[in-house]
Structure formats: structure tokens, C-alpha cells
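Visitor: I would like a close look at a single part of this structure. Please take one strand and describe how it is covered and what it pairs with.

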Amino acid sequence: MQMMTRDVLLEMDQEEDDDDDGDIGDVPASRRPFLTPHTLHSSSRVLENLEQTVVSSFGTLESQPDFQTPEFEEFNGKPDSLFFNDGQRRIDFVLVYEDESRKETNKKGSNEKQRRKRRAYESNLICGGLQLEATRSILDDKLVFVKVHAPWEVLCTYAEIMHIKLPLKPNDLKTRTSAFGNFSWFTKVLQVDESIIKPEQEFFTAPFEKNRMNDFYIQDRDTFFNPATRSRIVYFILCRIKYQVRDNVKKFGINKLVSSGIYKAAFPLHDCNFSHKSEDLSCPNERYLLYREWAHPRSIYKKQPLDLIRKYYGEKIGIYFAWLGYYTQMLLLAAVVGVACFLYGYVNQNNCTWSKEVCHPDIGGKIIMCPQCDRLCPFWKLNITCESSKKLCIFDSFGTLVFAVFMGVWVTLFLEFWKRRQAELEYEWDTVELQQEEQARPEYEARCTHVVINEITQEEERVPFTTWGKCIRITLCASAVLFWILLIIASVIGIIVYRLSVFIVFSAKLPKNFNGTDPIQKYLTPQTATSITASFISFIIIMILNTIYEKVAIMITNFELPRTQTDYENSLTMKMFLFQFVNYYSSCFYIAFFKGKFVGYPGDPVYWLGKYRNEECDPGGCLLELTTQLTIIMGGKAIWNNIQEVLLPWVKNLIGRCRTVSRAEKIAPRWEQDYHLQPMGKLGLFYEYLEMIIQFGFVTLFVASFPLAPLLALVNNILEIRVDAWKMTTQYRRMVPEKAQDIGAWQPIMQGIAILAVVTNAMIIAFTSDMIPRLVYYWSFSVPPYGDHTHYTMEGYINNTLSYFNIADFKNRSKGNPYSGLEKHTTCRYRDFRYPPGHPQEYKHNIYYWHVIAAKLAFIIVMEVGDVYFEIVDKHIIYSVKFFISYAIPDVSKSTKSKIKREKYLTQKLLHENHLKDVTKNMGVIAERMVEVVDNNLRPKLE
């Protein structure tokens, strides 16, 4: 096999190569192997041997450069062609650079160094067995496109190194029929038309081995490696080819060359135009099919063609859309129940007795409320909160309690059923044993300069830093993350200070009496105005901090230097989610669990920071304000994300097309059309996951205050799937296909959110909602011995939950602030359960307060602590249901386990039988030769 002929590296002095193109990919040449430093992987030994072969055959790598350049060919006029000009060699990857000799700003020294690096890199690609063909741009003669083709021998060699699973024989296992077979007439409408997108043939697979090539199902060498696999192999090579040595330090990898501007872009090709089929009859037109049956708005009601998505974009993107589709399907049930609970509250709002009392002119209109701040806030009448009390009746109803309990079960069902679906996809997409395939990141390999002894193999291996160095890095990274979290908390404190300050202004400026005719007065109370403005400001700060921290989190993770791409993404995921969790949810936690809880009473208020009097809730509680906060943040986030995902790439591509409009009459080849699309970026999918997980938190953590959250999420996700599909198929270059076994670190994050959701919703019902005080009044304080009514009723609830305060005590107990505005009234009311003035225990908590506290604690215990009948203290009702469901629904279904075992058995049997056949055949040949030799030796003696 002639894969390599000569390896070339540029040798430069430090003063000559003064441009800084980063440290990634730098490593002393004498202190690192070609690939993975871990001796546990056989692939590292294979590539070490390849490099040793080159060195021993052709001398030192630092020898005088002897460049091999790609062939330059003119465009052949076939815009849909995916092959070199000879029509035989397929284009597996495209590299784009700007010709230095034709640049407008020609800096001779810098351009010459870039040109030499690129020539060395391309020469080493050719030495590595790849074939290159260069073509100048049709629309911009400064651009040059280098097309890369991997021959059969290269593909086979690296398929074995990368442990890529390839077909052994067709899968003859029977597929299980659907449980909805009797409704095929209905489900057929939702399914993708199989006459358009044909189902993929299933195979038994095994990691490829060159010495067992005859065992694999190779009918055609050109199609044995599909385009996605070919691109993945070529990208693996591109990331590990070197191009320069300086001070015994080697630099390598296409990512570094692109980031330093030596190449403008590097990407695999789309197979055709998304709007019409290719003129090439051999083209599968998968991009066109995906746009027509997946990304087009008319397909919004259809199921996703997951197998084709996986085939075209790789398993990593396929598993994302599979998870997003499954999450959206499960949201349908939650949305139906949430809407039902909302309609229950809406229909029964006119029967809300306590709201009627607030709005009644003879009840709420005559209740004078105490000022809520010390200086400018006036006395006010309770009925100015009439409209907000009506709205609160919709969300703070019995249906909300039912929905909160339902969502605790729903989230568990979703997670457990998704695990089963994920296990099925692992089997169908051959990712069950993916951990054997993943290689170290080139950036990690480049830093492996320290030699240590592996505790398992007792062999030497190279690591990027010592144990002490690792501890220092972890400490620095943790400190940086903590600093930014504290910065977010500081911003939340700033919002609280804004609330406290602006409430005084609104209280002084807005009307103080309710006449029922002024629309502004009717809907805009000081509490409502403060809540809405603070929510919008909070949303703006959240978006600004997100933009800043994204860059900071990437810098911290790069400094941390994870070994594999999965480790890198998991580390970045945890940092970003921790930040986003505090950033998005901290204001909601403040409103739900802190606002209005520690306010004291008018004569002895509690001050925050020694200056600002703590905020109080409406007489009906803070639940409506929490609902407002959730609506603004959740809705604003969805709108902003869609603007970013749809408008920005569309505008960028539109600008790019306008720049080339004068040359639009020229026919551009496929690679040039793809170049003018937007790059997806390595972390593009990461942000899609993050967006959905934050939404998942809003849907589960605070759903007790906003039962319409699942409906909003459902509508958003239906659009999100098609927007992401449209974006990937029409606006972005094709991503390098990657393998993925599951959704990674997002799975444990969702499980953590699910556990926390039970606690937060129970706390919202108990401490934020007024449901428990109302139930305590209905069952205990509306009738004797505490009440005067002869039957259970909610009448008198408002009067019973508002305590009295003697206005004369302001001067004695407060900071001497003069209050005016009352004529003949001597008392005002405030929201609390305290004894009235003149009582032996005046302004102390009364019996109603302790009953309510006991009921709230009992509710928390019932939600979280245990089964009273069996006196099992440590068990939790909701958690018991969760764990029972988890046990009843195993992560991997029985049929999938059987398929996996069956495939392993047949694969081992097939390989073993073929091996035995080879051994038997060889033994037969050896036996025949031995017989022949013995016969030849004995024949002369017998004669």
C-alpha cells in the first residue's frame, strides 16, 4: 500500500514566524506521538507505526521542504457534480483559501508565511494518501477551492483506526409491529411517504478490520463507505496532519489553520440544491428530500425522517432531533391537561368569593390598607387590586394543585420513556459500544508532554499536565465560574433594589382611589407596574449576561483541556447550564420564595440592606407576579431565539448573495454554493440543547403558577423543529457528521430538574399560593369555634386574613414618618395573621397563623415525606411514584435487549465461522503440501 511518500514540515526560526496563530496544536516533536497518548487504544500504536515508517524511510521530518502540490483544474461546467473533473473520484471535503498573490492588501512577508504553511499542509495531506484537486472560484478569482478525496486504502486504514462499525450481512430479525396497527389509516397521514424516502436496509455490523475485509458486506467499493462516513474519516485525518515545526514544536490540524486565516473554510459538501433535484442521476438527492419532507412548512404535521437525518447529518444531530421530537410529543399531553386546568380556573373565576369581596364597594372599597413604604407611599383602598384578584382566581385555583401533582408524574414518565427510546436508537444506529470509537481531541494530544505510568497497564503514557497542575487548573476554573455566578446574583440584587425604589415612585404617582372607569387605574396598580417593568429589565440583563458568559465559559473550558470531544461538551454543558440556571431562574425563585415573606408589620418593618423596606405581595399573594415574570421571560426568550436562528443567517446569506449579484449569470459549482452558506460552528447544537433544557425548567419548576407553560412550549417546539430543519438544510453548510450515543450531560441535568421540580411546585403551592390559607379558613375558621357562619363558606375570608394596625402607632414604632390622607379612620389593614391593637399580645401572630403554618408543613410532608399508613418515614409519595415508574419502565426494553444479544451472537458466530473457514482452508493447503513433500521423499526410496 502506497499511502505515504514523503512528509514535509516547515522549519522556521522564532523571529521569522512572528505571527500568533494560537497554541492549540503545538507540542515538542520529540515528546509526543502522532495521535492519542493513551496506550489503551490500539489506534495510537497504529498511527505511531505509520509515522515511524515515514521517518525511517525518508529521514527526519525537519528536512528541507519538498512540496507536493494539488492538481489545478478548471471548472467543468457541471454545477451539481460531487466528483473531481475525472468524474470518478468523489469529493469528500473542501478546503477554501484566498490566493495571497491576488489579495488587495498584499503584505509580502505575512502572505508568504501563510502560503508556505498551506503548501506544507497540502503536501503532507498528499503524503498521507489523500488526493487533492484545486479549482479557482467562478465568482471571486481570489478564492481557491481544494477538493479532497480519500481513496479506498485510506478509508479502510482509518476505518480500522477509528473502530467504525460497518455492515457484515443484512439483518434478518423481524421488526415488531406497531401497537397502533389498527389505526394505520390515521397514522399513515403523519408518517413520511415511504415511496419518497425509502426505508434504509438494516445490517448486522462490526468494527472494521482490514484483515477480515472478506467478512464484510462489500458489494460496491464506491458505496460501502457512505458520504457521511467518508467525510468523518477525512476530517479525522485533516485534524491530525502537521504543517510546521518551530523550536522542536510541531503545529497541526485544519482547525488551527482556519482559525489563523490560512484557510477561509473547511466543510463537506451538500449533495444537491435543497429546492430541486440534482441533474446527476447517481445523486441520492438527500438534501432535497429532507427539505421537502422535513423542513418545508407543509410537513409540519408529519413525523421526522430520523433515519435519513442520521444518515445525512450523523448520529449526533439525529439524536438531538429524536429527543426534541419525543419531548414535543410528550408535551402534547401536558398541554392538554394544563389548558383544562386553566379553563377550570377561568370558568370558575366568577364564583371566586374572595375576589368578589375585594371588588365589592362595601367591602374592598371600605378597607383602608397601610402604606407599603416609609415616606411617599399613601394609604390605599383594597379594591384598586380588583382586576389583579380576578386574574389570580384563574391561576390560583384547585386545578393548579391537580396540575402540579400531574406534572410531577409526567416528568418522570417522559424521562423513563425517553431512556427506552434512546436505547432503541442506540441499537438501530449502531452506537451501543460507541465509547470504543472516540478519539482524543487534537488540542489535548498537542499538550501531552508529561510522561506518567498508567496504573492499569503499568506502561508509560503522556498526559497534558501533572497532578499538581491539574489541581491548579481545576481551582482556577471553579473560581472563575463562582465569580460569574456571584455576578449574576449581584444583578438580581440590583433588580430587587430597582423594585424597592421604583415602587415608591409608582405609589406616589398612580391614582390612590378606585372609581372603576379609568382604564389605567383599573389595570395598572403600583405592584403591577413595578412587576412588569422589573421583569423586562431582568430579561434584558439576562440576555446581556448570556452573551458575555458564553465566551467566558468557552475560554474556561479550553483552559481546562478535556480529553475527548464528549468530555469537552459535557464540561461546557455543566458550566453553561449552571450559569443559565442562576441567570434565568433566580428572579423567579426570589418572587416565589422570598418576596413578601420577611416584611414584619407596619409599625416594625424589616429593612433590606438597612435602607430599603422589603417588598410586600398583593393581598392575594405573589403568585400572579410570578406568572407575569414567567410569561415575559419565557415568551421573550422564545421570540429572541427565533430571531437569532431565522433572521440572522437569512440576512447574512442575503447580503452574501447581493455581493455576487453582478456575477449571478455565471453557473457556480456545488462547492462554491456551499461556501457562501453560513458555518454551523462546533457548538451550534450545544445552544439548541441549552435553549430546550432552559425551557424544560420553566415547564416543570414553576408550572404550579403557570399551567399554560406546556402549551406555549408545545407551540414553540413544533416551530423549533421545523426552523432548525430549515436552517440546517437551506442556510448552513453541511456539518461534519459525528457519532453520539445519547444526549450526553443533558440527561442527568433533566433528572436533576425533575427532582427539584417536585420540591419547587410543592413550595409554590404551600408558600406562594394562597390556596392553603383559603382551605384552612374554609374548613376551620369559617365555622365555630373560630368563625360565625353556620356552614362552611369562603365569605369573610378577606376580612379574616387582613390584620389591623393602629395609625397612632406609626409615630411611636416607625422612624417618625408622618402619614396623612385619612380623615376619621384610626386603623389601617395589612396582609398578615396578627392580633389587633389593644390585645394583650398585640401585633403577635394569632392562632390562624399557626394553623396555616401547620397546614403548609403538612402539605409539604404529604407531597414529599411519606406513606402515613405504613409509617415509612423516609419514603416520599411523589418520589415513590417516580421511583416506581422508573422501576416499572426499564431503560432498555426487553425486545431491544433481545435484538442486541441476537446481533452480538450472530456477529460473533459469523466472524468465528469465517475465521474457521480460513483456518481450515489454510490447514488443508498445508496438509496437501505436507503430503506432497512426504510423497516426494518416499517415492525415490520405494523405487
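**Strand β4 and its partners**

Guide: In this predicted model, Val 94 of strand β4 stands opposite Phe 267 in β11. That facing pair belongs to a junction of three bridges between β4 and strand β11, residues 265-267, and the two strands run antiparallel. A second partner is strand β6, which covers residues 143-149. Six bridges join β4 to β6, and this pairing is antiparallel too. Within it, Val 96 stands opposite Phe 145 in β6.

Strand β4 itself spans residues 93-98, and six of its six residues are buried. What, then, lies on each of its two faces? In a regular strand the side chains alternate between the two faces of the sheet. In β4, Phe 93, Leu 95 and Tyr 97 are on one side, while Val 94, Val 96 and Glu 98 are on the other. Each of these residues is buried, so both faces of the strand count as covered; the cut-off for buried is under 20% relative accessible area.

The two residues named in the strand pairings can be placed on this picture. Val 94, opposite Phe 267 of β11, and Val 96, opposite Phe 145 of β6, are both listed on the side that also holds Glu 98. Glu 98 is buried along with them. The other side, with Phe 93, Leu 95 and Tyr 97, is buried as well.

Technical notes. Residues are numbered from 1 along each chain as its sequence is written. This is a predicted model: local features need pLDDT of at least 70, side-chain atom pairs count only at pLDDT 80 or more; totals for chains, interfaces and linings use all residues. Side-chain values use heavy atoms; hydrogens and water are left out. Buried means under 20% relative accessible area, exposed over 50%, partly exposed in between (1.4 Å probe, protein chains only). Helices (H or I, at least four residues) and strands (E, at least two) are DSSP runs, numbered from the N terminus. Two strands pair if DSSP finds at least two bridges between them.
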